[in-house]
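These are my notebook entries on the structure shown below. I set down each point as I looked it up.

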Amino acid sequence: VNRPESEREPAEPAAGRKGAADRLLREPLLQFLVAGALLFGGYALLRPEVFGRNASRRIELTPDDLRQIFVAWLAQGRPAPTLDEMRSLVEQKVREEILYREALALGLDQGDTIVKRRLAQKMEFLFEDLSDLREPTSAELEAWFREHSERFALPPRATFRHLYFSPDRRGGRARDDASRALEKLAGEPADAPAAALLADPFMFQDYYGDRPFQQVAASFGPRFAEALFRLAPGSWQGPIESGYGWHLVFVDSITPSRTPAFEEVEAEVRSEWVAARREEVKRKALEEMKARYEIVLPADLMAGWPAAANPAQAAADG
Amino acid sequence: VIRHSVCVVSIGVALQLGLVADASAKKADPTKMTCEEYLSLSESERPVAAAFLEGWNKGKKHVDIGEVGLDRDVTTLIVSCQETPKESLWRRFEKHVPVLKKHVKPIEMECEDFVGLESDIQPELYYFLDGYDRATRTQTDVAGEVDLEQDYRAFVQVCKQAPKESLWAKIKAHFGKKQRRPVMRSELRSKTLEGIASAALGLVAAAAAAQAAGPDRRAYFGETHVHTSWSLDAFAIGNTITNPGDAYRYFKGEPIKHPLGYDVKIDTPLDWAGVTDHSEYAGVVNLANEPGSAVSKLPEAQPLILKARTKEEMERVALYAINTLAAGPPVKALMSPAIAGEVWKRNVALADEANEPGKFTAFCSYEWTSMPNNMNLHRNLFFKDCAKVPPQPFSALDSFDPVDLWSWMDGQRKAGNELLAISHNANLSDGRMFPTEVDIKGRPIDAAYAESRVRNERLTEIKQLKGTSETHPLLSPNDEFASYEIMSILLGDPPGRIAHIVGSYARQALKDGLAMQDAEGFNPYKFGFGAASDSHNTAVPYRADNFFGGHSFTDGTIEARMSGTLVGGMFDARTESTAGLTGVWAEENTRPSIFDAMQRRETFGVSGPHIQVRFFGGWEYTPDMLAAREWVATGYAKGVPMGSDLPPAEGKAPTFMVWAVKDPTSGNLDRIQIVKGWSKSGQSFEKIYDVVWAGDRKADKWTGVVPPIGSTVDVEKATYTNTIGAVELKTVWTDPEFDPSLHAFYYARVLEIPTPRWTTIQAAKLGVAPPDVVPATIQERAWSSPIWYTPSAEARKGAKPGTTVEDLKKQGAVALSDAQLKALIEQKSVWLQNKVTGEKFMIIYGALGKGADAKPLVPAEPGWVTQRFPAGQGQFQVRWVGRNAAMQSLVGDAFEASHFGTSRTYNIANGKIVTELVGAPIEIAVYKLGDKYLGARSNEFGYANYEIVPAEVELSPLSAAPKVAPK
């Protein structure tokens, strides 16, 4: 895409008319229209036969077209095409061009859902590219980060040791056994020698260092994680139930969730900013285009259909 | 790293600098550091210390210096170190797979090349060479102290003095002057010693402590098959917004939008994933860079479009598009690099963006969507390194022939781009995923086909939304758990076609592979297992209690699903399954580590829950070993993990250590089974052993079968409890029926206790009856990749040779003609013996239709018609087969036929008795040798295994029964 040079400059603080012009230039729809016109116009000039229903009866492949065919062939990791292969590729190309023009002449592209959707999707891709036109400044990112800092919150983390009481070995007694063991561990330190003897061997680790909430939830089940992160550090506590059975837990430390400094997450902020801007550009462009249409609908959208549950409800049910 | 200005300093001064530095405080031996000490190093020192260790490691293994990776990312080492602060850094390091961004060949470098390196990677190379040099100079395990900053600075000065000298020569001189103890292997320097080095490596490796510890591998769960709006079919059925970036967000645990607009969130986030949009349509969805040219090409799609343009027909249109694009003449215009390459680039960029080594791995991947004649031959392709992917994927438009795909993959690999393929939905392949005779173009399956397939197709996906491809009840009639989420259809629902079962399931392919290895000398079917989703929603439903379908509006509401909407006209939405996942045993959560795990098939499939399963095969495992805390290390040290070949036989029978732990958010475990397959004289067999189970159930004394665990499911309320079943199951199992002369494979299958199927849960929500087209409860499960046993040439001699058709002909046997066959079997009850198993049984061959009624009965009711079949066709019935008889492949359910009296049809044509199993023809030729009649079945690779024998009067003589229970 040929982009106006001015679009590549980082945004300067707006002032007077220059500022207004900058803002205007940053309007997604204008960007879209300008770039689109350039592309479309340029293409129409280069390949006039493609446009309009009065396409000419001449099909010409230029050396550039041949190069494209050649490169497409090579790109699939094959050795260079032989003359025969090249002839057949060219023949396919010509055949395609003929079918395409005849199809256009017959209006086969009209009123077709698939074609409509593809074109609509291409428009969306076009918007996306346009939204990539400008790099954000650091100040801009920081301001945006402050508005959306909750998105970048670092998860709480816990460092803990645990004793496992296995239902495989103890059946229904696992919980009571754990409670009794806890009595013996009152006031004992994390590495009390007696601790391991009271419990069963665990399939994975006995000590988990600095684990984020999500990882504890994946390893033990979410209910265990929720209970664990509510515990005060410094003593044996429990019993807590996991997806595997009952546990006594000694929490060394819990680092609560916190909002990072901007510098820590600048790269993430940048990619989130880009994604948000993409959405914004798409939304605005669509809104502005929509404003140019009059949309006429029946008054009652549901008239004549049996009432269906709304999808959100269906999902909750599902 | 501080950059020193160039100045004239003599070598002597430089050395002096070095000596001064040695006296400074910052010295340590990295091979003796603890993780804690390593973490206390500065950010610039960490990669340097890692580089030293790598050099030391390579030197100690006597491996050629070769290419050295630099600019390392030590995040994963740091993360793994944080977990075990007291452990030795060296142990952590050995298990860590570095992420290296730049590669150099030090042997070929000159000093000025070194000086010219970026200042932050210079020290990495220096300390790598330091480590290597020290390792090769000393025979002890003591590296000595290293100054991670000063040594290097001194050397840079030295090197600047002699820009044209060899870096390696200079560095050795430099180290030498530092007065290290010289040792015997001081000149063990690369190229010249490759041969010796590899021999030495074997000796050293055997003794190394690292070997005894074994690799430290964890289970990482990931998705290998999902579509976003960038796949045309997904887009066409209404998934128009979300892209691969959204898919990765979903897998990491963020809620995203279902195509119908509501939020969906994963239950347990994944460790890794690869989005696999259809390569065939990638080009169609993006022309942003050249909108004019792309628009111009669009009407190419015209011939694909159906006349129907109503919303109801949309998905049918999409399917038609897929069929035609994949099966019909390729529409090359849509595949120009400018178009397809652009979307592929975006895909790669999004994978790179989502990839967080140590936390979440995102692969560069795509789906090759070949489906000639509606036969699903799809494969998902995974690349090891996104930096090396081709400009454009090889699509089904380039060729629908898997053989061409494999040769393209070979080419990529040769060019340094590691990649592998995962076949999927063998169950929808119409029997063509696992051919045994000819390939898709009619060429015979041969050794070259087998090698190419095994080299490229490392895994197969055995469960996903559209059903299970492990096995089918008609192929495994003695497997009571075979009827699990079966779906037997053809994509696109071609009218008048019935999908073939034979050739569509993985277990049968593994068995056929053994028979082919035995009879023909090659095995095309040595693959590992994985499972996935094939969701077209970007988001994926893995759990029965959070099932939102996989196909946009066709199954996106509870009403659409539960009213049995025919998705794409192909299948009842209620028969759709939850999505599966692939577990890999890998050192760490990075692309190279997980890719390597898939490459060595150390993978397992799960039906949805994150069940973990380990499976080791060897010759000397004992219960004591399994009971010990370091049993996993023993597993690796004394045998092989899932996906491998058993080492050469050392004992009477192979032993297996198998272990499974439940998903903490799902049902308890019922049992672990080992599925064994083996082959003899062209026939293949399977047997399922219950090896460890929950509770105090007793295995049947005679068959070893463990009774069902029962059920806690309340179907009406759709609930269950974990009051039955086990959290963890493990055992050591020895094959009680091992024959060292026969090829075999073994894999583990883990079953959960019964839980409500998603349809039962949603029926309860709606207050309607659970659907009668699917079971109300299921047993979620996990499948380990197989371990293969290959007999040595010596052991093969112990096998009793079977009789081949070739042998018979040499002995003068003559094939019977149609008329002779008719005379031999029609309206007769023929007693046969399977010469391989020794089993005897009877087949009743009814009258072949004459276009009129069959022979009138005497003495009564001559008008009663016994059969009325078209000309040339009759029915046959197998009699007197017991439930536990050893049955060869592809005979259907012979016990059921025998017991219930069911029949199938046969005819006689071209000198063969022609039968079929769900449409797959199985033909029997009969040869007369003297007064003997011998039969050869067409699926037994040239063997004539059946002989007509005299009628039996006693089916199971007591004199022949074993006196002691086998179990």
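Which residue of strand 22 of chain B does Gly617(B) stand opposite? I found that Gly617(B) faces Phe656(B) in that strand. I note at the outset that the model is predicted.

**Entry 1: the sheet around strand 22 of chain B**

I next looked up the strands on either side of Phe656(B). Strand 20 of chain B, residues 612-618, is joined to strand 22 of chain B by 7 bridges, and the two run antiparallel. Strand 22 spans residues 655-661 and also pairs with strand 25 of chain B, again in the antiparallel sense and over 7 bridges. In strand 25 of chain B, Trp733(B) is the residue that Phe656(B) stands opposite. I recorded a further pair between these strands, in which Met657(B) stands opposite Val732(B).

I then placed these strands in their sheet. The sheet is open, has 4 strands in the order 21-20-22-25 of chain B, and its pairing is antiparallel. Its edges are strand 21 (639-641) and strand 25 (728-734) of chain B, each of which pairs on one side only. With direction ignored, neighbouring strands are turned by 15° against each other on average.

**Entry 2: burial of strand 22 of chain B**

I asked why strand 22 of chain B can be called largely enclosed by the rest of the structure. The reason is that 7 of its 7 residues are buried, where buried means under 20% relative accessible area. I checked the two faces separately and found both covered. On one side the buried residues are Thr655(B), Met657(B), Trp659(B) and Val661(B). On the other side they are Phe656(B), Val658(B) and Ala660(B).

**Entry 3: backbone angles in two loops of chain B**

I looked for unusual backbone values. Most residues other than glycine have a negative phi, and most peptide bonds are trans. Ser681(B) is not a glycine, yet it has a positive phi of about 45°. Ser681(B) lies in the loop between strand 23 (669-680) and strand 24 (683-693) of chain B. Is Ser681(B) buried or exposed? Its relative accessible area is 8%, so I entered Ser681(B) as buried.

Ala718(B) also has a positive phi, near 60°. I located Ala718(B) in the loop between strand 24 and strand 25 of chain B. Ala718(B) counts as buried because its relative accessibility is 13%.

**Entry 4: the sheet of chain A**

I turned to chain A, which has 13 helices and 4 strands. In what order do the 4 strands of the open sheet of chain A lie? I read the order as 2-1-4-3, with antiparallel pairing. Strand 2 (207-212) and strand 3 (236-241) of chain A are the edge strands, each pairing on one side only. From one strand to the next, the twist averages 40°.

Strand 1 of chain A, residues 157-165, pairs with strand 2 of chain A over 4 bridges in the antiparallel sense. Within this pairing I noted Tyr207(A) in strand 2 as the bridge partner of Arg161(A). Helix 10 of chain A, residues 213-220, packs on the sheet and touches strand 1, strand 2 and strand 4 (246-255) of chain A. The direction of helix 10 makes about 130° with that of strand 2 of chain A.

I also checked the peptide bonds in chain A. A cis peptide bond joins Gly238(A) and Pro239(A), with omega about -5°. Pro239(A) lies in strand 3 of chain A, which is an edge strand of the sheet.

**Entry 5: a nonpolar patch on chain A**

Which residues make the nonpolar surface patch of about 600 Å²? I listed Tyr293(A), Ile295(A), Leu297(A), Leu301(A) and Met302(A). Tyr293(A) lies in the loop between helix 12 (266-291) and helix 13 (311-317) of chain A. Tyr293(A) has a relative accessible area of 59%, so I recorded Tyr293(A) as exposed.

**Entry 6: totals for the two chains**

I closed with the chain totals. Chain B contains 29 helices and 39 strands. Of its 967 residues, 59% are buried, whereas 35% of the 318 residues of chain A count as buried. Chain B exposes about 37000 Å², with 55% supplied by carbon and sulfur atoms. For chain A the accessible surface is about 18800 Å², and 56% of that belongs to carbon and sulfur atoms.

I also looked up contacts between residues at least 6 apart in sequence. In chain B, 74% of these join residues at least 24 apart; in chain A, 70% of them do.

Methods. Residues are numbered from 1 along each chain as its sequence is written. Chains are lettered from A and ligands numbered from 1 in the order in which they are written. This is a predicted model: local features need pLDDT of at least 70, side-chain atom pairs count only at pLDDT 80 or more; totals for chains, interfaces and linings use all residues. Side-chain values use heavy atoms; hydrogens and water are left out. Two strands pair if DSSP finds at least two bridges between them. Axes are lines fitted to C-alpha atoms, for helices over the stretch in contact, and angles run from 0 to 180 degrees between N-to-C directions. Contact means heavy atoms within 4.5 Å. Buried means under 20% relative accessible area, exposed over 50%, partly exposed in between (1.4 Å probe, protein chains only). Accessible areas come from the Shrake-Rupley method with a 1.4 Å probe; for residues, only the protein chains shown count as cover. Patches are made of residues with over 30% relative accessible area and no salt bridge: like charges are joined within 9 Å, nonpolar side chains (Val, Leu, Ile, Met, Phe, Trp, Tyr) within 5 Å. A salt bridge is a side-chain nitrogen of Lys or Arg within 4 Å of a carboxyl oxygen of Asp or Glu.
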